[in-house]
Every structure is written in C-alpha cells, then in structure tokens.
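Let us walk through this structure step by step, beginning with a single residue and moving outward from there. Please keep the sequence and the model in view as you read.

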Amino acid sequence: MDGEIKVVKYIILIQLFWFDLANNDFQNLEITHYAGVPLQFANQKNCFIHVAEHFDELKKYTEDFHYGKATIGQIFCVKK
C-alpha cells in the first residue's frame with residue numbers, strides 16, 4: 001500500500017425484474033453516469049438520497065434500456 005489511502009466510492013446497482021424470465025440477459029444494471037457526468041458517491045447515504053430524488057428517471061432509464069422487457073426489482077448502493 002505504501003501509505004496510499006484508498007477512497008471508497010459507492011455506485012447505484014439496479015437488480016432487474018424481468019417480465020419474461022426467458023429474456024433475462026442481465027441480472028443487474030450499473031448506473032455509471034448522470035447527465036454525462038460520472039456518478040459515484042462518497043457514502044451510502046448520499047447514494048440513497050440520489051436514488052430517492054431520481055427514482056422515476058432511474059425507472060424510465062432501466063425500462064428504456066431493456067426495451068420494456070425489464071424494470072427495477074431492487075436498488076442497491078454498493079462499494080465500487
């Protein structure tokens with residue numbers, strides 16, 4: 001480590017709910033950017049605040065990304 005300080009960052013991870021289980025290409029969707037800016041949080045609380053403030057946008061993005069075949073199952077704020 002040589003005196004290096006590792007900064008822990010949190011990211012949004014969406015566990016998907018597939019409407020047709022035969023189409024479950026992915027289990028999770030990592031949200032990496034918002035409005036073209038990398039999206040990482042210094043702590044889990046700030047991550048969940050962002051999720052609460054932008055839930056409708058996250059839901060729409062998830063559904064659009066998977067062409068209406070999946071939606072949000074659960075949202076996690078996890079260490080990157």
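Helices (H or I, at least four residues) and strands (E, at least two) are runs assigned by DSSP, and they are numbered from the N terminus. The model is a predicted one, in which local features need pLDDT of at least 70 and side-chain atom pairs count only at pLDDT 80 or more, while totals for chains, interfaces and linings use all residues. Residues are numbered from 1 along each chain as its sequence is written, and side-chain values use heavy atoms, with hydrogens and water left out.

We can start at His50, which belongs to helix 1, the stretch of residues 44-53. His50 has a relative accessible area of 11% and is therefore buried (under 20% relative accessible area, with exposed meaning over 50% and partly exposed in between, for a 1.4 Å probe and protein chains only). If neighbours within four places in sequence are set aside, His50 is in contact (heavy atoms within 4.5 Å) with Ile12, Tyr34, Leu39 and Phe41.

His50 also helps to line the largest pocket, together with residues that include Tyr34, Leu39, His54 and Tyr61. On a 1 Å grid over the protein atoms alone, a pocket is an open set of points with protein on both sides within 12 Å along at least five of seven lines, and lining residues have an atom within 4 Å of a point. The volume of the largest pocket, meaning the space filled by probe spheres set on the points, is about 190 Å³. Which element supplies the largest share of the lining of the largest pocket? That share, three residues, comes from helix 2, while strand 2 (28-31), strand 3 (33-34) and helix 2 (55-65) each supply at least two residues of the lining.

Helix 1 leads us to another feature as well. A disulfide is a covalent bond between the sulfur atoms of two cysteines. Cys47 and Cys77 form a disulfide (a pair of cysteine sulfur atoms within 2.5 Å), and their sulfur atoms are 2.1 Å apart. Because Cys47 lies in helix 1 and Cys77 in strand 5 (residues 70-79), the pair ties together parts that are 30 residues apart in sequence. The torsion about the S-S bond of Cys47 and Cys77 is about -80 degrees, so the disulfide is left-handed. Cys47 is buried at 0% relative accessibility, and Cys77 is buried with a relative accessible area of 4%.

Definitions and conventions
On a 1 Å grid over the protein atoms alone, a cavity is a set of points where a 1.4 Å probe fits but cannot get out, and a pocket is an open set with protein on both sides within 12 Å along at least five of seven lines; lining residues have an atom within 4 Å of a point.
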